[in-house]
Amino acid sequence: MRLRSLMALFLVSAVLAACASGSQGAPSPTATGSASPTTSASPTPEPAIVVTSPRPGDEVSSPLTIRGNADVFEATVSISILDAAGNEIVRTFTTATCGTGCRGTFSKAVRFEVTETQSGIVRVYESSAEDGTPINVVDIPVTLVA
């Protein structure tokens, strides 16, 4: 009887060992309910111009400091402020700390004048090297405080 119990135990052990060794080549199951990190083949490129200040909806007064970072031709960042009617009340430019092919920071205090508090747009853009038209335009809706 003891021999039969030992043989049964041996047989069960052998079967379990065979099952365990057979699963080594198979992929292991993944846990459900947890997301696996994924890598994108090509990361989304950052826009040519990123404005960090002012933010959309800000109430701004003169002088208004406009900040951000950019990768633009010859590091030239153009800036306009438009009033509620869409009229350009200021046009200026600044230079980022790095130009074409690299990202640099920029900051410029811009003076403007309005007779009454109104909605407006801070427009930051690159002037096309080909014909000077605005490209890579970033419009930030703000309230211009008189």
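Modeller: Let's start with a yardstick: a residue is buried under 20% relative accessible area, exposed over 50%, and partly exposed in between (1.4 Å probe, protein chains only). The model is predicted, so local features need pLDDT of at least 70 and side-chain atom pairs pLDDT 80 or more, while totals for chains, interfaces and linings use all residues. Residues are numbered from 1 along each chain as its sequence is written, and side-chain values use heavy atoms, without hydrogens and water.

Biologist: Thanks! Why is A75 called buried?

Modeller: A75 has a relative accessibility of 6%. The limit is under 20%, so A75 counts as buried. You will find A75 in the loop between β3 and β4 (76-82); a strand here is a DSSP run of E with at least two residues, numbered from the N terminus.

Biologist: What makes the backbone of A75 worth a look?

Modeller: A75 has a positive phi of about 60° although it is not a glycine. Most residues other than glycine have a negative phi. N136 is another such case, with a positive phi of about 50°, and it sits in strand β8 (residues 134-144).

Biologist: Why is N136 called partly exposed?

Modeller: N136 has a relative accessible area of 37%. That value falls between the 20% and 50% limits, so N136 is partly exposed.

Biologist: Which peptide bond before P54 is cis?

Modeller: The bond joining S53 and P54, where omega is about 5°. P54 lies in the loop between β1 (49-53) and β2 (59-60). The bond from S62 to P63 is cis too, with omega near -5°, and P63 is in the loop between β2 and β3 (64-70). Most peptide bonds are trans.

Biologist: How do you know that C98 and C102 form a disulfide?

Modeller: Their sulfur atoms are 1.5 Å apart. A disulfide is a pair of cysteine sulfur atoms within 2.5 Å, so this pair qualifies. A search of the whole structure finds one disulfide.

Biologist: What makes this disulfide left-handed?

Modeller: The torsion about the S-S bond of C98 and C102 is about -95°, so the disulfide is left-handed. C98 is partly exposed at 24% relative accessibility, and C102 is partly exposed with a relative accessible area of 24%.

Biologist: What makes a group of residues a nonpolar core?

Modeller: The members are buried Ala, Val, Leu, Ile, Met, Phe, Trp, Tyr and Cys residues joined through side-chain atoms within 4.5 Å. The largest core here has 23 residues, and those with the most contacts inside it are I49, I66, F106, F112 and V124. Two or more residues each come from β1, β3, β4, β6 (104-110), β7 (118-127) and β8. In soluble globular proteins, nonpolar side chains tend to be buried together.

Biologist: Which residues does I49 touch?

Modeller: Contact means heavy atoms within 4.5 Å. Leaving aside neighbours within four places in sequence, the contacts of I49 include F106, V124, V138 and N136.

Biologist: How do you know that β4 is mostly covered?

Modeller: Six of the seven residues in β4 are buried.

Biologist: Why are β4 and strand β5 (residues 88-95) said to pair?

Modeller: Two strands pair if DSSP finds at least two bridges between them. β4 and β5 have seven, in the antiparallel sense, so they pair. L82 stands opposite E88 in β5. The two strands form a hairpin with five residues between them, and G86 in the turn has a positive phi of about 90°. β4 also pairs with β7 in the antiparallel sense over five bridges, where S80 has R123 as its bridge partner in β7.

Notes
Helix = DSSP H or I, 4+ residues; strand = E, 2+ residues; numbered from the N terminus.
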